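Work through the exercises below with the sequence and the three-dimensional structure open beside you. Try each task before reading its solution.

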Amino acid sequence: MFNQHRILRVFKLITLLKTYPAKTIRRLSQSLEVSERSTYRYLDLLAELGFEVKKDMHNKFSLGGDQI
């Protein structure tokens, strides 16, 4: 069950990152109901999986390109 929650959070994170506007770590963390540190770990996981995670000059995150 624990891994299922992780997988669901990853899918939710992808959905959040591909919708406009870009979001702060705080906003992503609140939406995922995890700590900011855990959110950074999820972002790192997406990057390892080949997603282009972008961070703008205001420290807001989004997905780059035509992903998913």
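**Exercise 1. The strands**

Which residue stands opposite Lys60 in β3?

Solution. The model is a predicted one, in which local features need pLDDT of at least 70 and side-chain atom pairs count only at pLDDT 80 or more, whereas totals for chains, interfaces and linings use all residues. Residues are numbered from 1 along each chain as its sequence is written, and side-chain values use heavy atoms, with hydrogens and water left out.

Begin with the elements: helices (H or I, at least four residues) and strands (E, at least two) are DSSP runs, numbered from the N terminus. Two strands pair if DSSP finds at least two bridges between them. Strand β1, residues 23–24, pairs with β3 in the antiparallel sense over two bridges, and the residue that stands opposite Lys60 is Thr24. Strand β2, residues 53–55, also pairs with β3 in the antiparallel sense, over three bridges, and here Lys55 stands opposite Phe61. Putting the pairs together gives an open sheet of three strands in the order β1-β3-β2, in which β1 and β2 are the edge strands, each pairing on one side only.

**Exercise 2. The two faces of β3**

Determine which side chains of strand β3 are buried and which are not.

Solution. Buried means under 20% relative accessible area, exposed means over 50%, and partly exposed lies in between, using a 1.4 Å probe and protein chains only. Going along residues 60–63, the side chains alternate: Phe61 and Leu63 point to one face and are buried, while Lys60 and Ser62 point to the other face and are not.

**Exercise 3. The core around Leu28**

Find which residues Leu28 is in contact with, leaving aside its neighbours within four places in sequence.

Solution. Start with the position of Leu28, which lies in helix α2 and, because its relative accessibility is 0%, counts as buried. Contact means heavy atoms within 4.5 Å, and by this rule Leu28 is in contact with Leu13, Leu16, Leu17, Lys23, Thr39 and Phe61. Leu28 and Phe61 are 33 residues apart in sequence, yet the distance from C-alpha to C-alpha is 8.8 Å.

Next, look at the nonpolar core, a set of buried Ala, Val, Leu, Ile, Met, Phe, Trp, Tyr and Cys residues joined through side-chain atoms within 4.5 Å. The largest one has 15 residues, and Leu28 and Phe61 are among those with the most contacts inside it. Two or more residues come from each of α1 (2–18), α2 (25–32), α3 (36–48) and β3, with α1 giving the most, namely five. In soluble globular proteins, nonpolar side chains tend to be buried together.

**Exercise 4. Unusual backbone**

Where is the residue Asn59, and is Asn59 buried, partly exposed or exposed?

Solution. Most residues other than glycine have a negative phi, and most peptide bonds are trans. Asn59 is not a glycine and has a positive phi of about 60 degrees; this residue lies in the loop between β2 and β3 and, because its relative accessibility is 46%, counts as partly exposed. Glu33 likewise has a positive phi, near 60 degrees, but is found in the loop between α2 and α3 and is exposed, with a relative accessible area of 70%. Finally, the peptide bond from Tyr20 to Pro21 is cis, with omega near 0 degrees, and Pro21 is found in the loop between α1 and β1.
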